[in-house]
Amino acid sequence: MESKNRANFSGKIGFILAAAASAVGLGNIWRFPYLAAEYGGGTFLITYLILAVTFGFSLMITEIAIGRMTGQSAVGAFQKLNRKFTFCGVLGFLVPVIITPYYSVIGGWVTKYMLIYIGGQGSRAAEEGFFGSYISQIGQPLFWTIVFVAITCIVVAAGVEKGIEKASVILMPILIGLCLVIGIYGLTRPGALEGLVYYVKPDFHKFSGKLILAALGQLFYSMSLAMGIMITYGSYMKKEDHLEQSVRWIEVFDTLVAFLAGLMIVPSVYAFSGGNEEAMNSGPGLMFVTLPTVFESMPAGHFIGAAFFILVFFAALTSAISLTEAISSVIMDKLKTGRLQTVTGVGVYLILMAIPSSLGFGIWSGVTPLNMDLLTFFDFLSNTLMMPVLAFFTALFAAYVIKPKAIISEVEQNGVTFRAKKFYSVMIRFVAPVGIVAILISSIMASMGVFSW
């Protein structure tokens, strides 16, 4: 049963900014730029944009509508609509349960780098081997992980409107402003305009099935899909708020920040490296290894580095807030526990479960399930396996169990017209399930080294 006392966002703007803040996280600031750099810049941008307005739109509409029509978080929502699909809700609960601890470890790294730059010691971060040496320690990475988790839990404990919404309303404009300032400054550096061309000009020679899979995988990660988050946030959305317009605005914010993040990073790294392929394709190390070196070479580089890592910290925090809320909401719905009690317990869990991911780069580096370090393994388990599986069953659930008309009816509350309803029906019934199966199978096979497109 939907609780009459269930918390709500104050209105459409509050919901949009909170959901956009959830979507705008390390997936945009960290992952998107290095994938864009690796897969030919503009070619990846175009592919991602097409997938965002098709797959992303359809799945986000579905999840938010399910949350709003039931007034429940992931487990309760599926259970209420069809008990046979309760397993989808359980998966939606387990995904953030697995992601949030290792995400908090990365958030701890970001917190450390932010404070290094704020303290005027950016040259340390640019030293060769600094990052590897730092993450292999025991105490420091765990300490900053605990700090990051504590800040996240304080916001979540404050509630939906006073905590999550208020933080999002403050942080989202700052995020976009910092992106613009740093991006524009980066473009003033010698050689950066060539990097801009590399970033936005499509190179269709690099178009491949692997690129499509990378972009589709980034879509789940970036837009907070198949994590139970959008169902939870949808359950806090008022019936009178325009759902379709809200999703469009969330997509705009999410894609804008991802594009601006690439604009901050790719042209500057290109200019610094002279277009060196090894530097451009340095993957996750692009942010923690390559960028500090770039900042060190810039006039006012320590100031720009501080602004950049403040930006990354805010982005990491907003997503960690939504992940923690997704876990806490299910527990509160099912066990009827208070928010402070629940969030405190979740915070303790996150810290304990973050330990393996943190130590996996140091004293537990010999523990390598499927030949992966522990953080990468948890990411593989959640992002490569569980999220596509959940997205597939969610699409099937919307298409053939409750039927598209149920989602359309929810979108068209209070006389609103769902303008894209025919497009939505085709996407959710035919295109999304096939595409999701393709990414699931191909990602698993590629991860196992069976083939690479």
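Student: Which cut-off decides that a residue of this predicted model is buried?
Tutor: Three classes are used: buried, partly exposed and exposed. Exposed means over 50% relative accessible area, and partly exposed is in between. Buried therefore means a relative accessible area under 20%.

Student: How many residues of α16 are buried?
Tutor: Helix α16 covers residues 301-335. The helix is largely enclosed by the rest of the structure, because its buried residues number 29 of the 35.

Student: What span does α16 reach from its first C-alpha to its last?
Tutor: At 1.5 Å a residue, the expected value for the 35 residues is 51 Å. The span in the model is close to that, at 50 Å.

Student: Which residue follows α16?
Tutor: Its phi is positive, near 60 degrees. The residue is Lys336.

Student: Is Glu325 of α16 buried or exposed?
Tutor: Glu325 lies within residues 301-335, in α16. Leaving out residues up to four places away in sequence, its contacts include Val156, Val160, Ile164, Tyr233 and Arg339. Its relative accessible area is 0%, and the cut-off for the lowest class is under 20%, so Glu325 is buried.

Student: Which class does Arg248 fall into, buried, partly exposed or exposed?
Tutor: Arg248 lies in helix α13, residues 243-273. Beyond four places in sequence, Arg248 touches Val53, Phe57 and Ala420. Its relative accessibility is 33%, between the 20% and 50% cut-offs, so Arg248 counts as partly exposed.

Student: What distance separates the C-alpha atoms of Arg248 and Phe57?
Tutor: Arg248 and Phe57 are in contact. They are 191 residues apart along the chain, and their C-alpha atoms are separated by 7.5 Å.

Student: Which helix gives the largest share of the largest nonpolar core?
Tutor: That core has 160 residues, and those with the most contacts inside it include Phe44, Phe220 and Phe308. The largest share is 17 residues, and it comes from α16.

Student: How many strands does the protein chain have?
Tutor: The secondary structure includes 20 helices. The number of strands is 0.

Student: What is the radius of gyration of the protein chain?
Tutor: The C-alpha atoms fill a box of roughly 60 × 50 × 40 Å along the principal axes. Of the 453 residues, 61% count as buried. A compact globule with 453 residues would have a radius of gyration near 22 Å, which agrees with the chain's value of 21 Å.

Conventions
Residues numbered from 1 in each chain as written. Predicted model: local features only at pLDDT ≥ 70, side-chain atom pairs only at ≥ 80, totals over all residues. Heavy atoms only, no water. Helix = DSSP H or I, 4+ residues; strand = E, 2+ residues; numbered from the N terminus. Buried < 20%, exposed > 50% of the residue type's maximum accessible area, 1.4 Å probe, protein only. Contact = heavy atoms within 4.5 Å. Expected span 1.5 Å × (residues − 1). Core = buried A, V, L, I, M, F, W, Y, C linked by side-chain atoms within 4.5 Å. Rg over C-alpha atoms; globule rule 2.2 N^0.38 Å.
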